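Hi,

Here is the structure I said I would pass on. Have a look at it first, and then read my notes underneath.

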Amino acid sequence: MAPPRRKVLATAEGTMFPPDELSSTQQIVRAIKATGNNIYLIEQADKAQMLVELPARFRSTFWIKRGSYVVIDTQAQEERDNKIGGEIINIVRDEKAWRKASFWPKEFVKQPAAVVDSDSDEEESRVGKMPSSDESDA
């Protein structure tokens, strides 16, 4: 059975805006991939990777895409003896608002969109295209 709509909306509203500050055990990280059973491989700002767990309140409500940002807390996982290094406590949904916060890691800079130069003199790639009709089969 699905969770009540008011609960889903309250969770969604709680993740929309960034908090005023993060504690010393909390950090913003990038999701690399979902490994299964609500476990995600994440990349920290210093390029270190670790496994984190998605808590029950986010399950079946939010899907974390590859490359998206989440906030994790490592304090709760210190007493557990397993490979899980933290727990996701918030999901960055409005990235523009989060980037304005003072605690956003400088290592996660926004990648500019690639500019395509339409006036280039280079030949167009012919991979996967049919040969032109003016070419002969010599």
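Below is what I found, starting with the aromatic rings and ending with a proline.

A word on the source: this is a predicted model, so local features need pLDDT of at least 70 and side-chain atom pairs count only at pLDDT 80 or more, while totals for chains, interfaces and linings use all residues. Residues are numbered from 1 along each chain as its sequence is written, and side-chain values use heavy atoms, with hydrogens and water left out.

There are four aromatic pairs in the structure. Rings of Phe, Tyr and Trp (its six-membered ring) pair if their centres lie within 6.5 Å; planes under 30 degrees apart are stacked, over 60 edge-to-face, and the rest tilted. One of the pairs is Phe58 with Phe62, edge-to-face at 5.9 Å centre to centre and 65 degrees between the planes. Both of these residues are buried (under 20% relative accessible area; exposed is over 50%, partly exposed in between, with a 1.4 Å probe and protein chains only).

Tyr69 and Trp104 have ring centres 5.0 Å apart and planes at 70 degrees, so this pair is edge-to-face. Tyr69 sits in strand 4 (residues 69-73) and Trp104 in the segment after helix 2 (95-99), so the pair ties together parts 35 residues apart in sequence. (Helices, H or I of at least four residues, and strands, E of at least two, are DSSP runs numbered from the N terminus.) Both Tyr69 and Trp104 are buried, and ring pairs link them with Phe108 into a cluster.

Now the proline: Pro18 is in the loop between helix 1 (5-14) and strand 1 (26-36), and is partly exposed at 23% relative accessible area.

Cheers
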